[in-house]
Amino acid sequence: MLNVFRQFRRLMALCLTAPGNKASLLLFAVVVALNLGSVYATLRLVQWTGEFYSAVEKVNAAEALRQIGIFGIIVGLNSTRHLLGEYLRKTLEIRWRRSLTDAAIDAWTRGKAYWHLAHGENAIDNPDQRIAEDCRLFVSGLLGEAIDLIQRVVGLFSYIALLWTLAAFPLSISLFGLSVNIPHYMVWAAFLYVALSSGITHLLGRPLKSLFAEQQRREASFRYAMARWRTAFDEVALTNGEDAEKRLFRNRFDLVASNWRRLIGRELILGTFTYPFQHSVLRIPLFVALPGYFAGHVAFGGLMQLATAFSSVVTTLSWFIFSYRDLADLVATSARLDTFIQKAKAAAESPSPFTQAAARSDARLRNVQVKAPDGRNLIAIDDLTIRPGETIWLRGDSGLGKTTLTKALAGFWPHGEGEIARAAGNWMFLPQKPWLSSGTVMEAAAYPLTIDIFGTQAVQQALCDVGLGTKTDASTEGLSGGEIQRVAFARLLLHRPQWAVLDEATSALDLASERYLLSLLRQRMPDTAFLVIAHRDPAAIAPQRTIDLGAPAVAIAALA
Ligand SMILES: Nc1ncnc2c1ncn2[C@@H]1O[C@H](COP(=O)(O)OP(=O)(O)OP(=O)(O)O)[C@@H](O)[C@H]1O
């Protein structure tokens, strides 16, 4: 329970982190105040009920007509209050959701947490759903329930006070010859009634929280299967993989349906109690008040007034029962979201196993042992120095760990040991499959910066230089593998880093294009150091040294 409060507190604090959001607490207070107006409206209606039915009982048509007019005014004012309150609540909802979503995205992207959370024991399922869906559910659920709770707590005091005065008469019962008088018995009856009902609700609904959490997880994994397919239409179409994909979708949906059956089964069990409870809340008070009426303590109008006051107390006290399902859902959402954010923060701070030496003018790897996630030794490098402006060709058997080495160099590979000292200055990594943002080819070339940083002309020129002059305004969708690699070369020409790591960056290009692009790089970027990982000899970039990673680590040290 304490843990649930801690999660709520942490997420709530994130809702308020955006600039100006502290002030939104004021807006929250206005929303609460408007909602509290409903307490006054209910109290006024209780009073109206007594006056109206008394007029009817006395067959006083003029008074009854006047009461109908009063009823219209109460309803008009109450509707205005309700609509304004709802509008402001929704304004607040999007503000807090933006703040929470920003915080979640921040946690996910900082320190490459997204990468660490995608692998190994810390892997988090469906982060996209947690950010898009859970943030929304948490804020709307929290606001709804918090406002409701405050309103009910305030209302409770007013309703109890009213019931206390209205139901001052005692209940007289005879027990074993003893006559017992219970003063204000209706107030005690309300508490007893709700306490018992809340206990039963909790007992019946307890498994709902984990069932909701599981449902959301399975729905997200079903959605993800289709989203993943969407990114590989060509590949699936060429492999005739439709049936296999359909099987996967069906399997995932079967999981959704099986948990759904468990969930609705539990809701049914809970409903067998809560549904009749909700529908008897308005009638039972009348039955409880009847002894007072039969004993002549109250008139008919008073009886109706009493019944309304009693049901207000019971309805208010029953918040837990009415909201049980939604509360279980909210607790499940907040647990998932909070775990995600905490894990992302921890992942961002996870120390690299490779020690970093002080800033230097070259890059140096010493006693580096890169390992696979299962602990297998991959590449070992005893001593390798990369000097500014030089070009090194790294070659080695497939699956040796070359790409993994680039991740260690980039600073986020978490398995291995040794010292990797990266020189100050810009580093760029060109993987075999470069990431192209959606949008135009020009935007993709400027990525991760924007076109205006380089100027439209410069971006167009870079694309012309790599042979994509006709594609500048085209969309990145549908580019061939070789064209994608050309865009990455244009990106390199624009960003002009001091250090560039090319990992099979020309694998999809024909020999002539590879030669042209590599010589272009060397010519345009004479001060850049290139580390070229390739199976084919990248002669056009004129490597000064070749390091055969397939050879024993000692030989590498000798070459350094
Ligand atoms: N995230 C990961 N999870 C599990 N195994 C991994 C992961 N990343 C790399 N490996 C394993 O590490 C080994 C080295 O992979 P890597 O991609 O670095 O090889 P490579 O030398 O670049 O191969 P290639 O020349 O074929 O591109 C492989 O056995 C690979 O399966």
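A residue counts as near a molecule if its C-beta atom, placed from the backbone, lies within 6 Å of it. Helices are DSSP runs of at least four residues, numbered from the N terminus. The model used below is predicted.

**Exercise 1. Describe the shell around the ligand.**

Step 1. List the residues. They are His119, Ala372, Pro373, Leu378, Ser398, Gly399, Leu400, Gly401, Lys402, Thr403 and Thr404.

Step 2. Find the main contributor. Helix 14 (residues 402-410) gives the largest share, three residues.

Step 3. Sort by class. Four residues of the shell are nonpolar, six are polar and one is charged.

**Exercise 2. Lay out the domains.**

Step 1. Set the bounds. Domain 1 covers 2-348 and domain 2 covers 354-559.

Step 2. Place them. Their C-alpha centres are 54 Å apart.

**Exercise 3. Work out the four-strand sheet and its edges.**

Step 1. Read the order. The sheet is open, runs 3-7-4-5 and has mixed pairing.

Step 2. Pick the edges. Strand 3 (354-355) and strand 5 (377-386) each have a single partner strand, so one side of each lacks a neighbour in the sheet.

Step 3. Check an inner pair. Strand 4 (residues 363-371) and strand 7 (residues 416-421) run antiparallel, joined by five bridges. Gln369 faces Glu417 in strand 7.

**Exercise 4. Classify the packing of helix 17 and helix 18.**

Step 1. Take the geometry. Helix 17 (residues 456-465) packs on helix 18 (residues 481-495) at about 135°, with the axes 9 Å apart.

Step 2. Apply the cut-off. Angles over 145 degrees count as roughly antiparallel, and 65 to 115 as roughly perpendicular. Helix 17 and helix 18 are therefore oblique to each other.

Step 3. Add the hand. The crossing of helix 17 and helix 18 is right-handed.

Conventions:
Residues are numbered from 1 along each chain as its sequence is written. This is a predicted model: local features need pLDDT of at least 70, side-chain atom pairs count only at pLDDT 80 or more; totals for chains, interfaces and linings use all residues. Domain bounds come from an automatic or database domain assignment. Helices (H or I, at least four residues) and strands (E, at least two) are DSSP runs, numbered from the N terminus. Ala, Val, Leu, Ile, Met, Phe, Trp, Tyr, Cys and Pro count as nonpolar, Asp, Glu, Lys and Arg as charged, and the others, Gly among them, as polar. Two strands pair if DSSP finds at least two bridges between them. Axes are lines fitted to C-alpha atoms, for helices over the stretch in contact, and angles run from 0 to 180 degrees between N-to-C directions. Angles under 35 degrees count as roughly parallel, over 145 as roughly antiparallel, 65 to 115 as roughly perpendicular and the rest as oblique. A crossing is left-handed if the near helix is turned anticlockwise from the far one by less than a right angle, and right-handed if clockwise.
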